[in-house]
Structures are given as structure tokens and as C-alpha cells.
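Thank you all for coming; I would like to use these few minutes to talk about aromatic rings. Please take a look at the sequence and the model before I begin.

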Amino acid sequence: MDTWSVGRHVFTSRLLVGTGKYKDFPTMQQALAASGAEVVTVAVRRLDLKAKGAASLLEWIPKGMTLLPNTAACFTAEDAVRTARLGRELDMGDLVKLEVIGDRRTLFPDVEGLLQAARVLVKEGFTVLPYTNDDPVTAKKLEDAGCAAVMPLAAPIGSGLGIRNPYNLKIIMETVKVPVLVDAGVGTASDAAVALELGAVAVLMNTAIAEASDPVLMAEAMREGVSAGRKAFLAGRMPMRLHASASSPMTGLVGTPR
């Protein structure tokens with residue numbers, strides 16, 4: 001099987017999904033199921049810990065999905081570390097999507113704080129997946145800090161702009177040995193396909209599905225886009241040429257002048 005792994009976890013689906021921005025829990029549940037994803041990320045700081053039963057977001061996550069708690073809305077390394085610890089105390093596992101935000105308008109990461117928090121959490125036994133910018137130097141530093149993967153943005157969070165700098169993403173994939181997951185900015189299925197065609201191990205998204213007119217149908221489209229992109233990557237695309245190359249060669253045809 002075509003699997004990928006991070007830490008001790010092994011997955012077959014290369015689509016990771018989020019839980020925010022849905023109009024209601026039933027729609028979220030249907031979309032998560034339709035996506036075929038095995039990993040779902042949850043913002044620890046936005047969980048209503050007092051909610052019980054059907055009032056709790058966690059009750060609507062399809063059975064069998066692996067939780068990926070994240071440190072969204074953390075603006076310092078200290079807050080991110082504290083939030084990650086809370087997720088583990090809530091029995092959400094050892095995985096953590098690490099976010100340390102440096103700017104409230106763009107939601108770009110604070111690289112210094114990200115590295116600081118990553119080093120602490122790695123030492124505490126977390127499997128750290130950091131959300132970072134599309135900078136190969138930062139990606140290498142995160143790998144050296146012990147992160148199990150790197151998650152460079154395709155575009156600003158929730159923008160739906162698609163992959164703005166495929167060349168930087170490609171350089172990151174050539175720079176680090178840990179899995180590269182494209183995170184943030186995906187808008188539609190073709191964006192997901194491009195991410196996988198570039199060689200990304202997987203792609204994570206939330207807004208592109210949750211804010212679609214039909215989230216369930218978009219989740220299906222994303223599932224198929226990821227699958228198509230992965231197959232295209234494995235197949236190996238044809239060379240790009242400046243000039244035409246006839247699909248049907250002229251040589252060998254009956255009556256063709258020699």
C-alpha cells in the first residue's frame with residue numbers, strides 16, 4: 001500500500017482536515033467522512049471543555065480518526081507549549097500541530113517562537129508538526145530541532161489563494177528528509193492536486209471545505225484531487241517542451257517521403 005508515516009503513526013490517506021468554520025456539527029461530520037481523511041486537527045484553545053454529549057465537537061468526529069490537536073491562536077512559544085500540554089492532558093495523543101503566530105492580520109508564523117516551542121515539545125516526547133512559512137532555511141532548522149515533519153504554507157491561512165510559490169515548496173522537499181505537508185491557503189481540488197504533484201507527502205485544509213457552498217461535495221472533490229495528484233507524482237510527468245511534439249510521429253507512415 002502507498003502509505004506515509006510521521007513518528008509512530010502510519011496513514012494511507014494523504015488528506016488531513018480541520019474542524020473549524022462549519023455551519024453546524026452534522027455538516028462537519030458528513031464532510032469529514034466524505035473526505036476519507038484519517039487525521040483531523042482540532043484547535044485545543046477553542047474547545048468548549050464544559051460541553052458534553054452532542055454539544056461537544058469531539059462527539060461529532062467520525063470514529064477511527066486520529067486527532068491532531070493544534071495550538072491555533074497562540075502568539076508566544078509559552079502559550080503554544082502550554083496548549084500542547086493541555087491537549088495531551090485531555091488524552092488527545094502525542095501528535096501536535098504547532099502554531100506560533102507572529103502577526104494577527106496575515107497569521108504568518110513567528111519563526112523564532114516556533115523554533116523555541118518546537119525544541120521544548122520535542123524534548124517532552126511530542127510528535128511535532130510545525131506550521132511554518134515556505135522558507136527552506138526555517139524548514140531545515142525545524143528538522144534539526146527534532147520535528148517529525150514540516151508544514152509550510154501554500155498561502156495565508158484561510159485565503160484560498162492556492163499555491164503561491166511552488167518553487168520554494170519544491171526546494172523545501174529537496175532540503176529536508178522529514179515529510180513535507182502543505183498547509184494553509186488551499187482553495188479547491190486542483191490546488192490539492194498540485195501540492196501532491198510537487199511531491200508533498202500530504203496536504204492539510206479546513207476553510208476550503210468548510211466554506212464551500214456544498215462542504216460535503218467539496219470534501220469528496222478534495223479526496224479525489226489528492227489521489228490524482230499523488231498518482232501523477234508517482235507516474236512522473238512528461239518533460240515540458242518549448243515547441244510542439246507530434247502525438248502521432250510522421251516517420252514510418254505509408255507514402256511518407258524518405
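**Aromatic rings and their neighbours**

Let me start with Trp60, which at 22% relative accessibility counts as partly exposed, and please keep in mind throughout that what we are looking at is a predicted model. Phe25, at 27% relative accessibility, also counts as partly exposed.

A pair of aromatic rings is described by the distance of the centres and the angle of the planes. How many aromatic pairs does the count come to? The count comes to two aromatic pairs. In one of them, the ring centres of Trp4 and Phe11 are 5.2 Å apart and the planes stand at 45°, so this pair is tilted. As for their surroundings, Trp4 has 5% relative accessibility and therefore counts as buried, and Phe11, likewise at 5%, counts as buried because the cut-off is under 20%.

This brings me back to the residues I began with, since the rings of Phe25 and Trp60 have their centres 6.2 Å apart and their planes at 35°, so that pair is tilted. The pair links distant parts of the chain, with Phe25 lying in helix H1 (residues 25–35) and Trp60 in the loop between strand S4 (39–43) and strand S5 (66–70), 35 residues apart.

Finally, I would like to turn to charges and rings. The charged end of Arg88 is placed over the ring of Phe126, at 3.8 Å from the ring's centre, while Arg104 lies over the face of Phe75, 4.0 Å from the centre of that ring.

Conventions: Residues numbered from 1 in each chain as written. Predicted model: local features only at pLDDT ≥ 70, side-chain atom pairs only at ≥ 80, totals over all residues. Heavy atoms only, no water. Phe/Tyr/Trp six-rings, centres within 6.5 Å; stacked < 30°, edge-to-face > 60°. Buried < 20%, exposed > 50% of the residue type's maximum accessible area, 1.4 Å probe, protein only. Helix = DSSP H or I, 4+ residues; strand = E, 2+ residues; numbered from the N terminus. Lys NZ or Arg CZ within 6 Å of the ring centre and 35° of its normal.
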